[in-house]
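Colleague: Before we discuss this model, could you set it out so that we can both look at it?

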Amino acid sequence: MSDRRRINGPVGATIPPVSEDGASREVAGSRGGRSRPPNAIRKMYLKTGVTPSASGSAYLEIETSGRSGVSGLKLSCTVHGPRSLPRSSPFSPHIILSTHVKYAPFATRQRRGYLRDPSERDLGTHLEAALRGAIIADRWPKSGVDIIVSIIEGDQDRETSKTQGDESWDLMNALSGCITVASAALADAGIDCVDTVAGGVAALVSDKGDASPSIVIDPIPSEHDRILAACCIAYLPTRDEVTNLWFKGDLPASDTELYTKLVEKGIQASAKANRVLVECLGETVG
Amino acid sequence: MATSSGTTSVAIPGQLLGPASKFQPGPGTHIHNANLYSSLLGVVHASQPAKPPGPAKRLTKITVPTQTPAELPTLSVSRTGVSEKREVLPEVGNTVLCRVTRITPRQAVVAILICGDTVLEAEWQGLIRVQDVRATEKDKVKIYESFRPGDIVRAEVISLGDQANFYLSTARNELGVILATSEAGNNMYPVNWKEYMDPETGLSELRKVAKPY
């Protein structure tokens, strides 16, 4: 651990042991099975203006899947600026975005460090790409804006063992939440945007009962046996433009249109999240 | 500024406000595909163009009535009511209030505090070069006879400047030092266009004095 300035917690999992009585076995048995229709996203709660000291802020919560031990996604985003650039930086005719995404140390099953690790940096880069397409950057020359997203709860099933499920799929859900919450915070901060951008995830999953893999939106990795591929889309609904596309996984070669279908479903998920965003922003003013 | 009835509504970024052929874009809006869209979260205001001053004169010649862009109402989205905080960027032509932080023989470095009537949240740095201090006898200007650190200066933005500074000018009568402190630490009052006087010690100090409104 390179962080020597703080007293760090123990490295590694800090999950209390789950005793194997009847109830827990039942929970384990009922694992899997998606409780929603394949084209429905989970309920989400979005609120702006939660951090008084920031120029703009927002809080996003996505409900859990309803079982005990499964946490939802909780994100808090603060926007600082527009403010002047540091003296060392060169002249910029447009606003300079800097995005930081950080998991809280307790957000996931595997405890996170205080410093940003490569996956968090990766999320920050994707978030910046998604927001840059939505911002009218030349309204604010010579300025910078900091967008900081804290992931308070990381949308993970704490009862599955470490080997089950791949954490890399969780990053997709986290990114789509980050995009939606950052968009709300930017609007709250009064930074010019061409549209509200929201994130959506679609995945190609295969379950034991099904003959062929199917496409679902807003997937929870622990609810499916296997995720073959997933894509996270940042989409501007009134412009009908995609500002960021992150695709991961392997598609079966049999269906050539599968990729397009997956992207379309991702856009659909994003459009649904955007309805929440629009509602929330309307409440902010009204 | 007349607000037409029924237009005070809420807009979110990306919301369609109307065709660009019927409205002029104001602050907080942008044009895409010949349509006017909101780019901020806020309240929509429509302001009618100012009528030409004076009573309508008797027609002395017949002109073809043309719909010039200036006759279109301007739509703007403002953030009043959303939040009290309002960050603005100093623009060329704005009058700003600033505090002098550092002087050198060639320039005075200032911190911009107020832009127009808005108190700025962030700190923006400005620069008054020796040739921009006053309009006449520019070659005889000395920075230390015009500004001292701690003075409050009313100035005009003349350029977006380089990476760090806005370029400001005080080359007008009503621009210059409006609040100055003497070497003894007392607030001084202006006596003429280039002197401030300390009421307690009676000593006068040189400044580029702003003409009182």
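Modeller: A salt bridge here is a side-chain nitrogen of Lys or Arg within 4 Å of a carboxyl oxygen of Asp or Glu. This is a predicted model, in which local features need pLDDT of at least 70 and side-chain atom pairs count only at pLDDT 80 or more, whereas totals for chains, interfaces and linings use all residues. Residues are numbered from 1 along each chain as its sequence is written, chains are lettered from A and ligands numbered from 1 in the order in which they are written, and side-chain values use heavy atoms, with hydrogens and water left out.

Colleague: How many salt bridges are there over all chains?

Modeller: Side chains of opposite charge can pair when their charged atoms come close. With the cut-off just given, the count over all chains comes to 17 salt bridges.

Colleague: Which residue meets A:Arg83 in a salt bridge, and which parts of chain A does the pair tie together?

Modeller: The N to O distance in this salt bridge is 2.4 Å, and the partner of A:Arg83 is A:Asp146. Because A:Arg83 lies in strand 3 (residues 73-84) and A:Asp146 in strand 5 of chain A, the pair ties together parts that are 63 residues apart in sequence (strands are DSSP runs of E of at least two residues, helices runs of H or I of at least four, both numbered from the N terminus). The residue asked for is therefore A:Asp146, and the parts are strand 3 and strand 5.

Colleague: Are A:Glu120 and A:Arg112 buried or exposed?

Modeller: The side chains of A:Glu120 and A:Arg112 meet in a salt bridge at 4.0 Å, N to O, and they are linked with A:Lys102 and A:Asp117 in a network of salt bridges. Buried means under 20% relative accessible area, exposed over 50%, and partly exposed in between (1.4 Å probe, protein chains only). By that scale, both A:Glu120 and A:Arg112 are buried.

Colleague: What is the distance between the end C-alpha atoms of helix 2 of chain A?

Modeller: Helix 2 covers residues 118-132 of chain A, and its buried residues include A:Glu120, A:Leu123, A:Leu127 and A:Leu131. The expected span of a helix is 1.5 Å times one less than its number of residues, so the 15 residues of helix 2 should span 21 Å, and this agrees with the distance between its end C-alpha atoms, which is 21 Å.

Colleague: How many disulfides are there over all chains?

Modeller: A disulfide is counted when a pair of cysteine sulfur atoms lies within 2.5 Å. The sulfur of A:Cys77 is 8.0 Å from the closest cysteine sulfur, in A:Cys178, which is too far for a bond; A:Cys77 is buried at a relative accessible area of 0%, and A:Cys178 is buried at 1%. Over all chains, the count of disulfides comes to zero.

Colleague: Which side chain of opposite charge is nearest to B:Lys208?

Modeller: B:Lys208 lies in the segment after strand 16 (204-206) of chain B, and among the residues that it touches (heavy atoms within 4.5 Å), not counting those up to four places away in sequence, are B:Glu145, B:Arg172 and B:Trp193. Lys and Arg count as positive and Asp and Glu as negative, while His and the chain ends are not counted. B:Lys208 is buried yet has no salt bridge, and the nearest side chain of opposite charge, 7.7 Å away, is B:Glu174.

Colleague: Over which residues of chain B does pLDDT stay under 50?

Modeller: pLDDT is the predictor's confidence in each residue, from 0 to 100, and its mean for chain B is 85, with 83% of the residues reaching 70 or more. Where pLDDT is low, the predicted coordinates should not be read in detail. In chain B, pLDDT stays under 50 over residues 1-7.
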